[in-house]
Amino acid sequence: AALREGYEHFDPRAYLRNNYLPPRADFSSEEFVVPWKLRCLAETFASGEIRGRTLIDVGSGPTIYQLLSACDHFEEIVATDYLAVNREELGRWARGEPGAFDWSPFIQHVCKIEGRGEPWQDKERRLRDRLRRILPIDVHRPEPLGVPLRPPADALLSAFCLEAVSPDRAAFQRALAHVGNLLRPGGHAVLLGALGESFYLAGPARLPVVPLQESDVREALAAAGFALRELRSYAMPPALRTGVDDVDGVFFAHAQK
């Protein structure tokens with residue numbers, strides 16, 4: 001209940017300013033956090049192993065960067081978020097409306113690291129075309145969408161969601177198991193999340209986060225029925241500790257159900 005109340009004050013534009021504009025969104029060096037996240041995603045999807053009909057993105061927030069490398073490998077992408085304001089922000093970008101957040105620097109960077117010489121506008125168009133649904137979700141319910149996803153997703157992606165909406169590690173583990181219900185057996189899960197973070201700011205909202213260590217991520221994946229394929233971590237440098245959160249680092253995990 002306290003988490004729900006806090007999220008009533010969530011400001012998507014403030015969240016985007018805090019995390020997806022400089023200094024954190026600095027593409028001049030791979031040492032910065034946003035290029036690191038984009039490279040983890042690009043390298044993982046470049047293997048071609050994670051593919052299929054449907055990818056579900058759990059807790060998309062107001063962001064699409066996490067879908068850029070994935071969109072080449074799926075016919076349909078389903079974005080989800082608990083908050084209507086985030087779903088509206090995603091919809092504005094998907095429809096190409098004036099005033100939507102400008103993700104073009106991210107798209108250009110992903111095209112550069114993927115190295116196929118593709119015009120970035122083509123990738124933008126493809127993601128918009130494949131982003132078919134933007135749905136409400138509650139990861140604390142055994143059926144997070146309210147009804148089973150039919151057919152189940154071939155892959156699941158979630159970035160900075162589960163630890164930010166769970167009051168403790170047990171709730172994080174349960175939420176991971178719940179979203180795992182959206183995935184077919186053998187399907188892949190790709191997760192990005194915060195390490196050692198206890199809060200973050202999004203405008204007037206100061207939102208609690210369950211502080212995770214790598215060992216917590218490993219244990220939660222195993223308990224939720226996933227086999228861990230890869231786990232990477234990034235230490236947040238002092239220059240990027242801007243006061244909008246107290247994050248120590250970021251984890252990237254690839255697991256299989």
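Helices α1 (2–7) and α2 (12–20) each put at least two residues into the lining of the largest pocket. Of the two, it's α1 to look at first, since the largest share of that lining, 4 residues, comes from α1. Keep in mind as you click around that this is a predicted model. The pocket has a volume of about 510 Å³, and 29 residues line it, with Tyr-7, Tyr-82, Cys-161, Ala-164 and Val-165 the closest to its centre. If you're wondering about the chemistry of the wall, the lining residues split into 20 nonpolar, 6 polar and 3 charged.

Now for the enclosed spaces. How many cavities of 30 Å³ or more does the count give? The count comes to 2. The largest cavity holds about 230 Å³ of space. Its lining runs to 17 residues, and Tyr-15, Asn-19, Phe-160, Glu-197 and Asp-245 are the ones closest to the centre. Helix α2 turns up again here: α2 and α3 each supply at least two residues of this lining, and α2 gives the largest share, 3 residues. Sorted by class, the lining of the largest cavity has 11 nonpolar, 1 polar and 5 charged residues.

The second largest cavity has about 40 Å³ of space. You can select its whole wall by hand: Ser-158, Phe-160, Cys-161, Leu-162, Glu-163, Phe-172, Leu-191, Leu-192 and Phe-251. That wall comes out as 7 nonpolar residues, 1 polar and 1 charged. A couple of these names have already come up. Cys-161 lines the second largest cavity and is also among the residues closest to the centre of the largest pocket. Phe-160, likewise, lines the second largest cavity and is among the residues closest to the centre of the largest cavity.

Phe-160 deserves a closer look for its backbone, too. It has a positive phi of about 60°, although it isn't a glycine. You'll find Phe-160 in the loop between β4 and α7.

While we're on backbone details, there are cis peptide bonds to check. The bond from Pro-22 to Pro-23 is cis, with omega near 10°, and Pro-23 sits in the loop between α2 and α3. Arg-150 to Pro-151 is another cis bond, this time with omega near -15°. Pro-151 belongs to the loop between β3 (131–136) and β4 (153–159).

Next, how the helices pack, starting with α3. Helix α3 (residues 33–46) packs against helix α5 (residues 104–114) at an angle of about 50°, and their axes are 10 Å apart. What does that angle make of the pair? Angles outside the parallel, antiparallel and perpendicular ranges count as oblique, and α3 and α5 are therefore oblique to each other. The crossing itself is right-handed. On the α3 side the contact uses Val-34, Pro-35, Leu-38, Arg-39 and Ala-42, while α5 brings Phe-106, His-109, Val-110, Ile-113 and Glu-114. Taken by class, the residues of this contact are 7 nonpolar, 1 polar and 2 charged.

Stay on α5 and move along to its other partner here, helix α6 (residues 120–130). The axes of α5 and α6 come within 9 Å and cross at roughly 110°. That makes α5 roughly perpendicular to α6. This crossing is right-handed. Helix α5 contributes Ser-104, Ile-107, Gln-108, Val-110, Cys-111 and Glu-114 to the contact, and α6 answers with Trp-120, Lys-123 and Glu-124. The class split for the α5 and α6 contact is 4 nonpolar, 2 polar and 3 charged. Val-110 and Glu-114 take part in this contact as well as in the one with α3.

The last pair is α7 and α8. The axes of helix α7 (residues 169–180) and helix α8 (residues 214–223) come within 9 Å and cross at roughly 45°, so α7 and α8 are oblique to each other. The crossing is right-handed. From α7 the contact takes Arg-169, Phe-172, Gln-173 and Leu-176, and from α8 it takes Asp-216, Glu-219, Ala-220, Leu-221 and Ala-223. Those residues divide into 5 nonpolar, 1 polar and 3 charged. Phe-172 leads back to the cavities: besides touching α8, Phe-172 is part of the lining of the second largest cavity.

Conventions
Residues numbered from 1 in each chain as written. Predicted model: local features only at pLDDT ≥ 70, side-chain atom pairs only at ≥ 80, totals over all residues. Heavy atoms only, no water. Axes fitted to C-alpha atoms, helices over the stretch in contact; angles between N-to-C directions. Parallel < 35°, antiparallel > 145°, perpendicular 65-115°, else oblique. Left-handed = near helix turned anticlockwise from the far one by under 90°. Contact = heavy atoms within 4.5 Å. Nonpolar A, V, L, I, M, F, W, Y, C, P; charged D, E, K, R; others polar. 1 Å grid on protein atoms, 1.4 Å probe; cavity = no way out; pocket = protein on both sides within 12 Å on 5 of 7 lines; lining within 4 Å. Points joined across faces, edges and corners; volume = space filled by probe spheres on them.
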